[in-house]
Amino acid sequence: MTARILLAATAGAVVLAGSGTAASSAPNPPPKTPSAGASTRAVLPTVREAAEGLPGHTVYRPADLKALPKDSLPVIVYGNGACATSNLEGITFLTGLASQGYIVVANGGVDEFAVPNTPENTIAHPEALLAAAHWATGSKQSRKQFDGRVDTMRVGVLGHSCGGVEALAAGTDPVIDAVAGFNTGYFAEPAFGGYGRDRLADLHTPTLLVNGGPDDVAHQNSIDNYALLDVPAALVSDTAAGHTGLIAGLEATKGWQVAADWFDYVLRGDRAAGARFVGPDCGLCTEDGWKVESKGLSL
């Protein structure tokens, strides 16, 4: 039996900061023109369920698909911390993101628990993220499961920690239109199966890197990776979050809002969402405990 769980979004039925109508201008290179649902900012009830025909993946999506326009929901594929095959740690984060009108496909089955591992034995699998992206945008199973609501032309990739390495690696594929990595970055020497900083040159879409401040073990790594990016990009720091706080801790609600704003900006052309990242007076820049740098981005 397909596992289906109705989830209430963590923030409650509120309107988020940084929302607004879709823009006619956007980052350089520009995002795609606004899709249906781009200005929908209410927190939607969500469902967590298996991905039909795609073993080892879990779907987070708005519960009432029939209430939403056809071809209106962009796809976000997600890699877990530690490159794990369990997405339970990020359930609050992923639920929140789905509540903003996204089909989120996370690595790991609905009932899979994390298996202890060590960094030296961990292998990144960006191909699992790309398999999810192609399934969501091109398979008969996903079209049936999502009742034709997927916007197959707008795909983002997202990941945390080692899952962020998976996201960066998958982000070089032409199917990907936006990249975001939380508490992550390639090491100076290739790791997790040979993935190194030379791959940053192959990214082709706007890229967001987020860290949790000096207590985040990936803090310097994210800074170093951002400096090497040639695509339009933002580097965001929540100085109090640490390595997992924005995904699974007390700051997780803030974390999914940042992710949603980024994808709203790049995939949906939402100018108000972009204003959270762009310019010296950007929305996040003025919030206590947050720091933002950006390059190549415009409103």
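What pLDDT does the protein chain average, and what share of the residues score at least 70? The average is 89, and 86% of the residues reach at least 70; pLDDT is the predictor's confidence in each residue, from 0 to 100.

This is a predicted model, in which local features need pLDDT of at least 70 and side-chain atom pairs count only at pLDDT 80 or more, while totals for chains, interfaces and linings use all residues. Residues are numbered from 1 along each chain as its sequence is written, and side-chain values use heavy atoms, with hydrogens and water left out.

**The chain as a whole**

The protein chain has 8 helices and 10 strands. These are DSSP runs numbered from the N terminus: helices are H or I with at least four residues, and strands are E with at least two. Of the 299 residues, 57% count as buried. Buried means under 20% relative accessible area, exposed means over 50%, and partly exposed lies in between (1.4 Å probe, protein chains only). The chain exposes about 11700 Å², of which carbon and sulfur atoms supply 56%; accessible areas come from the Shrake-Rupley method with a 1.4 Å probe, and for residues only the protein chains shown count as cover.

A contact means heavy atoms within 4.5 Å. Among contacts between residues at least 6 apart in sequence, 76% join residues at least 24 apart. Over residues 8-40 pLDDT stays under 50, and the model has 82 contacts beyond four places in sequence for them. Where pLDDT is low, the predicted coordinates should not be read in detail.

**Strands**

Two strands pair if DSSP finds at least two bridges between them. The table lists three such pairs.

| Strands | Direction | Bridges | One bridge pair |
|---|---|---|---|
| S2 (residues 46-50) and S3 | antiparallel | 5 bridges | Thr 46 and Pro 62 |
| S3 and S5 (residues 103-107) | antiparallel | 4 bridges | Thr 58 and Ala 106 |
| S6 and S7 | parallel | 5 bridges | Leu 158 and Ala 180 |

Strand S3 (residues 57-62) is mostly covered, with 6 of its 6 residues buried. The hairpin of S2 and S3 has 6 residues between the strands, and Gly 53 in this hairpin takes a positive phi near 85°.

Strand S7 is also mostly covered: 5 of its 5 residues are buried. Ala 178, Ala 180 and Phe 182 lie on one side of S7, and Val 179 and Gly 181 on the other. The loop between S7 (178-182) and S8 holds Gly 194. Gly 194 counts as partly exposed because its relative accessibility is 43%. From C-alpha to C-alpha, Gly 194 is 8.8 Å from Ala 124, although the two are 70 residues apart in sequence.

**Helices**

Helix H2 (residues 126-138) has 13 residues and reaches 18 Å from its first C-alpha to its last, close to the 18 Å expected at 1.5 Å a residue. The expected span is 1.5 Å times one less than the number of residues. The buried residues of H2 include Leu 129, Leu 130 and Trp 135. Among the elements that the buried residues of H2 pack against are S3, S5 and helix H3 (140-145).

In helix H5 (residues 219-228), the buried residues are Asn 221, Ser 222, Asn 225 and Tyr 226. They are on the same side of H5, because they cover an arc of only 130° around the axis; the arc is that of the directions from the helix axis to the C-beta atoms. An α-helix has 3.6 residues a turn, so residues three or four places apart point the same way. The cover over the buried residues of H5 includes helix H4 (162-170) and strands S8 (207-211), S9 (233-238) and S10 (290-295).
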